[in-house]
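Visitor: Hi! I've got a protein model open and don't know where to begin. Can you walk me through it?

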Amino acid sequence: MMVLSAIPDIEITCTDFCECFDDNKAYLQGRLHQEQNPQVRRLIEQDMDMLDRAQAEMATARQFLFISRCKGMKADQVFQAVNRIEKVISEQGFEVRRMRKSDIKRFLAIYFDASMNGDQLPDTDGGQFFEVQSYEPED
């Protein structure tokens with residue numbers, strides 16, 4: 001509450017810090033029904049148990065983000081605002097760390113349900129489909 005009263009326009013976002021396991025479990029369940037070899041079935045069951053344990057461990061893994069919009073600010077104003085916000089938040093006992101580019105990409109990928117490996121996604125969508133041709137003027 002102290003953070004919210006000191007910085008009234010700050011936003012707080014909470015996201016799961018883990019990937020959805022449902023697709024993997026559904027795949028393994030399908031494989032289990034198809035598989036005839038008892039040894040492979042036992043391995044698939046072990047994989048399913050491992051996924052269940054991992055999901056249970058990560059069910060409480062949350063990350064909280066304090067978000068401040070800096071629309072219309074100049075670079076030096078943003079820097080000052082971020083420093084002030086960081087100080088206010090840390091004074092209330094929170095561990096504060098500014099997100100790097102890879103952190104932001106990972107957060108957005110989780111938020112939009114795209115991937116856990118968001119930091120490995122390209123910076124621009126579809127760039128791999130363009131062919132860049134160099135233009136050389138004729139003399």
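Guide: Sure. One term to start: a residue is buried if its relative accessible area is under 20%, exposed if over 50%, and partly exposed in between. Also, this is a predicted model.

Visitor: Okay, try that on Ala81. Buried or exposed?

Guide: Buried. Its relative accessible area is 13%, and the cut-off is under 20%, so Ala81 counts as buried.

Visitor: Where is Ala81 in the chain?

Guide: Ala81 sits in helix 4. Its C-alpha atom is 8.3 Å from that of Cys70, and these two residues are 11 apart along the chain.

Visitor: Which other residues of helix 4 are buried?

Guide: Besides Ala81, the buried ones are Ile85, Val88 and Ile89. Seen down the axis of helix 4, the buried residues fall within an arc of 95 degrees, so they line one face of the helix.

Visitor: And what is exposed on the other side of helix 4?

Guide: There you find Ala75, Phe79, Gln80, Lys87 and Glu91, which are exposed.

Visitor: How many residues does helix 4 have, and how far does it reach?

Guide: Helix 4 has 17 residues. From first C-alpha to last it reaches 24 Å, close to the 24 Å expected at 1.5 Å a residue.

Visitor: What comes just after helix 4?

Guide: Look at Gly93. This residue takes a positive phi of about 95 degrees.

Visitor: Let's zoom out. How many helices and strands are in the chain?

Guide: The chain has 5 helices and 2 strands. From the N terminus on, the order is α-β-α-α-β-α-α.

Visitor: And what share of the chain is buried?

Guide: Buried residues make up 21% of the 139 residues.

Visitor: New topic: aromatic pairs. How many turn up in the whole structure?

Guide: A search of the whole structure finds 1. Phe66 and Phe94 form that pair, with 5.2 Å centre to centre and 75 degrees between the planes. The pair is edge-to-face.

Visitor: Why edge-to-face?

Guide: Planes over 60 degrees apart count as edge-to-face, and these are at 75 degrees.

Visitor: Where do Phe66 and Phe94 lie?

Guide: Phe66 lies in strand 2, and Phe94 in the loop between helix 4 and helix 5, so the pair ties together parts that are 28 residues apart in sequence.

Visitor: How accessible are Phe66 and Phe94?

Guide: Phe66 has 27% relative accessibility, so it counts as partly exposed. Phe94 is partly exposed too, at 42%.

Visitor: Now pockets. How much space lies in the largest pocket?

Guide: About 980 Å³. There are 26 residues lining the largest pocket, and the closest to its centre are Leu65, Phe66, Arg97, Arg98 and Met99. You met Phe66 in the aromatic pair.

Visitor: Which elements supply at least two residues of that lining?

Guide: Strand 2, helix 4 and helix 5 each do. The largest share comes from strand 2, with 6 residues.

Visitor: How many of the lining residues are nonpolar, polar and charged?

Guide: The lining divides into 15 nonpolar, 2 polar and 9 charged residues.

Visitor: One last residue: Ile110. Where is it?

Guide: In helix 5. Ile110 is buried, with a relative accessible area of 13%.

Visitor: How far apart are the C-alpha atoms of Ile110 and Thr15?

Guide: They are separated by 7.6 Å, and the two residues are 95 apart along the chain.

Definitions and conventions
Residues are numbered from 1 along each chain as its sequence is written. This is a predicted model: local features need pLDDT of at least 70, side-chain atom pairs count only at pLDDT 80 or more; totals for chains, interfaces and linings use all residues. Side-chain values use heavy atoms; hydrogens and water are left out. Rings of Phe, Tyr and Trp (its six-membered ring) pair if their centres lie within 6.5 Å; planes under 30 degrees apart count as stacked, over 60 as edge-to-face and the rest as tilted. Helices (H or I, at least four residues) and strands (E, at least two) are DSSP runs, numbered from the N terminus. Buried means under 20% relative accessible area, exposed over 50%, partly exposed in between (1.4 Å probe, protein chains only). On a 1 Å grid over the protein atoms alone, a cavity is a set of points where a 1.4 Å probe fits but cannot get out, and a pocket is an open set with protein on both sides within 12 Å along at least five of seven lines; lining residues have an atom within 4 Å of a point. Grid points are joined across faces, edges and corners, and a volume is the space filled by probe spheres set on the points. Ala, Val, Leu, Ile, Met, Phe, Trp, Tyr, Cys and Pro count as nonpolar, Asp, Glu, Lys and Arg as charged, and the others, Gly among them, as polar. The expected span of a helix is 1.5 Å times one less than its number of residues. The arc is that of the directions from the helix axis to the C-beta atoms.
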